[in-house]
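Please open the model in a viewer and keep the selection tool at hand. The tour proceeds from stop to stop, and each stop names what to select and what is found there.

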Amino acid sequence: MSLDFWRENNFRLEPWGSDYQPPIDLEELSESSSEVDPTVEAADWSQFKTTTPAELPQQLIFIDGRRRIDAALVGGSGNTVNYGVFGTIAVGAVVVNRTKRTATCTQFIIRRILGFGGDQEAPLTDIACPFGSGAKLVYEPVEPYSQNNPEIRKNLVQNAMLKAEATLTAQQCAIQPDTLVICDGRLSYNSPSLTLGYVKTMHKNYLSEQYAALLWELKPGERTPIFLIKEQNRPHWSWYLKSGKYQIYPQNLGYHDLHGIVRLELSSEIPLETAQKIADQTTYLIPEYASHPYKDPRAPQNLTPVGALERELGRHMGDTNLIKRRVQHFLASLGVMS
């Protein structure tokens, strides 16, 4: 770590920042610019019926990550202004043995990162913990952004988490190559073949009105036909599914009819016949692990194993207030805060 960096660059905490970031970002549902072929499995969606899967996998792996902005930074040398962030990421896996009915959290990855916009390189930074413990918060530098605005803080932490998730997914697939891995969020460009992307919030509209009409009619455990999203460098199969339990109807809770709709992604390198088999399996597996409204405000989209993993990851990330206090004390001790 270079103390000279912190003394020469007048970075300050921005107090009205990370404390007020919502846990879920709500974005306007916009039409996707990606080319989509909705006819790969069925040309007439109005006649499509969900098929009962011939068999279900006996083991699943759920992978998820959490990210946190420990402290938002703004400043620089001279009249230069750069935005930066101290952040913490945590990713982990839950291995579910459906035969033994066990679920085990395993293989945690915890990292603290430091990054900036405006192509400002970050130094490796150690922040001592109090009470003579000898422990340190070690913030590793990440590649800087050329963009330079407050949004890059979230992007820096998000990208570090996604890279860690991709690394963990590849490791799990190498250990257990025939096991279906369900990764929370969209697939990365190089996701292994048997990795299922689980998208629980809809930010893009991939279907025209003709095909999207089916989403309003789906019942728990039913899915749309598979469609092909032809995104550059990452074409993939996708389908929508209605999660949740039959006993819990959205209307009874005052929710809209699209409540419980999730989207699944699978590499198009997998033959369509195999993708159909996996898609049919998800009509049973996703509702089976759907969360309940009285336990999780994101029910039924948030999966129960993922919710348990999120809580465990939060415990490994450390106390938010204590860590922010240590960062603040570190900067104050260098005389870079007024």
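**Stop 1: two positive phi values**

Begin by selecting Arg101, which is exposed in this predicted model, with a relative accessible area of 74%. Arg101 belongs to the loop between strand 5 and strand 6 (102-116). Its backbone merits inspection: although Arg101 is not a glycine, its phi is positive, at about 55°. Most residues other than glycine have a negative phi.

Select Asp119 next, in the loop between strand 6 and strand 7 (125-128). Asp119, likewise a residue other than glycine, has a positive phi near 60°.

**Stop 2: the aromatic cluster**

Display the rings of Phe5, Trp6, Phe86, Phe116, Tyr139 and Phe330, which together form one aromatic cluster. Across the whole structure, a search finds 10 aromatic pairs. Phe5 and Trp6 make up an edge-to-face pair, with centres 5.1 Å apart and 90° between the planes. Phe5 and Trp6 are each buried.

Keep Trp6 selected and add Phe86. This pair is stacked, at 5.6 Å centre to centre and with 15° between the planes. Trp6 sits in helix 1 (residues 3-8) and Phe86 in strand 5 (residues 82-97), so that the pair links distant parts of the chain, 80 residues apart. Phe86 is buried, as is Trp6.

**Stop 3: the nonpolar cores**

Select Phe62, Leu196, Tyr198, Trp239, Leu264, Leu266 and Leu303: these residues have the most contacts inside the largest nonpolar core, which has 29 residues. Colouring by secondary structure shows where the core residues come from. At least two residues each are supplied by strand 4, strand 5, strand 9 (180-184), strand 10 (195-199), strand 13 (236-242), strand 14 (261-267), helix 4 and helix 5. Helix 4 gives the most, with five residues.

Which residues does Phe62 touch, not counting those up to four places away in sequence? They are Gly92, Ala93, Val94, Val96, Ile182, Tyr289, Leu303, Pro305, Val306 and Leu309.

Another core, of 22 residues, lies apart from the one just visited; Tyr83, Val91, Val142 and Leu168 are among its members.

**Stop 4: two cysteines without a bond**

Select Cys173 and Cys183. Why does the structure hold zero disulfides? For Cys173, the closest cysteine sulfur is that of Cys183, and the 9.3 Å between them is too far for a bond. The converse holds for Cys183, whose closest cysteine sulfur is in Cys173, again at 9.3 Å and too far for a bond. A disulfide would require the two sulfur atoms to lie within 2.5 Å. Cys173 is buried, with a relative accessible area of 12%, and Cys183 is also buried, with a value of 8%.

**Stop 5: salt bridges**

The structure holds 14 salt bridges. Select Glu55 and Lys277, whose side chains meet in one of them, at 3.2 Å from N to O. This pair links distant parts of the chain: Glu55 lies in the loop between strand 3 (36-37) and strand 4 (59-75), and Lys277 lies in helix 4 (residues 272-288), 222 residues apart. Glu55 is partly exposed, at 47% relative accessible area, and Lys277 is also partly exposed, at 42%.

Move to Arg68 and Asp70. Are the partners of this salt bridge buried or exposed? Both Arg68 and Asp70 are buried, and their closest N and O atoms are 2.8 Å apart.

Continue to helix 5 (residues 304-317), where Arg315 and Glu312 both lie, three residues apart, about one turn of the helix. Arg315 forms a salt bridge with Glu312, with the closest N and O atoms 2.6 Å apart. Arg315 counts as exposed, at 58% relative accessibility, whereas Glu312 is partly exposed, at 24%.

For the last selection, take Arg186, Glu231, Arg263 and Glu265 together. Salt bridges that share partners join these four residues into one network.

Methods:
Residues are numbered from 1 along each chain as its sequence is written. This is a predicted model: local features need pLDDT of at least 70, side-chain atom pairs count only at pLDDT 80 or more; totals for chains, interfaces and linings use all residues. Side-chain values use heavy atoms; hydrogens and water are left out. Rings of Phe, Tyr and Trp (its six-membered ring) pair if their centres lie within 6.5 Å; planes under 30 degrees apart count as stacked, over 60 as edge-to-face and the rest as tilted. Buried means under 20% relative accessible area, exposed over 50%, partly exposed in between (1.4 Å probe, protein chains only). Helices (H or I, at least four residues) and strands (E, at least two) are DSSP runs, numbered from the N terminus. A nonpolar core is a set of buried Ala, Val, Leu, Ile, Met, Phe, Trp, Tyr and Cys residues joined through side-chain atoms within 4.5 Å. Contact means heavy atoms within 4.5 Å.
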